[in-house]
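Hello,

Here is the structure we talked about. Please open it first, then read the notes below.

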Amino acid sequence: MSLTYSSYLNLPELLELQRPRSAPPEHDEMLFIVIHQVFELWFKLMLHETEKVERDFSRNDLYGAIATWKRLRTILKTLVGQLDILETMTPLSFSSFRERLDNASGFQSFQFREVEFSLGYKRPQVSGSIPEHEGQRARAEARLRERSVVDHFYDFLAQRGVQVPAELFEKDVTLATQPNEALQDELLRVYHEQPELVILFELMTDFDEGFQEWRYRHIKLVERTIGSKRGTGGSPGVEFLKQSLWKPLFPDLWAIRHRM
Ligand code: HEM
């Protein structure tokens, strides 16, 4: 049989994958499942793109990196906007099927951890909450041990004549990105001298702001839907999530702004 729209996209299989657990079915559970599945598809694409931007950086491809950051930023903005749909579900409606989730939670999303780790937001302790099932935890842990987008960014900067402090190339790659004052001085100089790199830096700042926006919007969604209840993943809920709020992915790009 020739290729069709449906066979190319594996639609029969895809549309079989939404299986509400409530019986009789609670109307909003379908929305809850579809939104999470769509987010996981976006996470998959984001990882595909962060891998590309790492290659762009390491081979000194500025235009490739700019195009990829533009795509990443657009995915992120779209993803954050989609939370509006889930906010049409009332707390009462969610509580009608919440117990069916048992301990399942976004806390166990191995792809989300991979996204965080690939962006240099590394927290080894959180991978412990990912089930070992089907190599999911191993996937996140492998990403933890890999060089992040930020490490590849340092490669790129060095190729563009930026004096990247040697300690940034020698650091333990399993640790989260730390601000570096000597690099900040250099980035400030670049802002004055290399306008083509400024386009890149501003796109990365847009993305970073978008990532913090995702965290904020997710917290408000959680707060309006379950208030101060504990999470199904076992964390204190909103108070746990707030720990990551306002923490930038690219701290050096934020630290220099008051000096311009
Ligand atoms: C009614 C909607 C939602 C509620 C009530 C909710 C609740 C929570 C809570 C309480 C946590 C903290 C961990 C825990 O103890 O479970 C959490 C974490 C998380 N949720 Fe949600 N969530 C909702 C929607 C979403 C959606 C649509 C996504 C998209 C994939 C998502 C992804 C995540 C992720 C990735 C984490 C881990 C965050 C981190 O560790 O910083 N959640 N969620």
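**Ligand contacts**

An oxygen atom of the ligand sits 2.5 Å from an N or O atom in the side chain of arginine 113. Keep in mind that this is a predicted model.

Serine 235 makes a similar kind of approach: a side-chain N or O atom of serine 235 is 2.7 Å from a ligand oxygen. For histidine 218, the ligand partner is a nitrogen atom, 3.0 Å from an N or O atom of the side chain.

Histidine 218 also meets the metal. The ligand's iron atom has a single protein donor, NE2 of His218, at 2.2 Å. This histidine belongs to helix 12, which spans residues 195-226.

**The shell around the ligand**

There are 29 residues around the ligand; Ser105, Arg113, His218, Gly233 and Ser235 come nearest. Which helix gives the most to this shell? Helix 12 does, with 7 residues. By class, the shell has 15 nonpolar, 11 polar and 3 charged residues.

**A cavity**

I also have a result from a search of the whole structure. The search finds 1 cavity of 30 Å³ or more. Its volume is about 60 Å³. Helix 9 (149-159) and helix 14 (251-255) each give two or more residues to the lining. Among the lining residues are Val150, Phe153, Tyr154, Phe250 and Asp252. The lining counts 7 nonpolar, 1 polar and 1 charged residues.

Best wishes

Methods
Residues numbered from 1 in each chain as written. Predicted model: local features only at pLDDT ≥ 70, side-chain atom pairs only at ≥ 80, totals over all residues. Heavy atoms only, no water. Donors = N, O, S within 2.8 Å, 3.2 Å for Na, K, Ca; no water. Helix = DSSP H or I, 4+ residues; strand = E, 2+ residues; numbered from the N terminus. Near = heavy atom within 4 Å. Polar contact = N/O pair within 3.5 Å; in protein donor to acceptor, adjacent residues only side chain to side chain. Nonpolar A, V, L, I, M, F, W, Y, C, P; charged D, E, K, R; others polar. 1 Å grid on protein atoms, 1.4 Å probe; cavity = no way out; pocket = protein on both sides within 12 Å on 5 of 7 lines; lining within 4 Å. Points joined across faces, edges and corners; volume = space filled by probe spheres on them.
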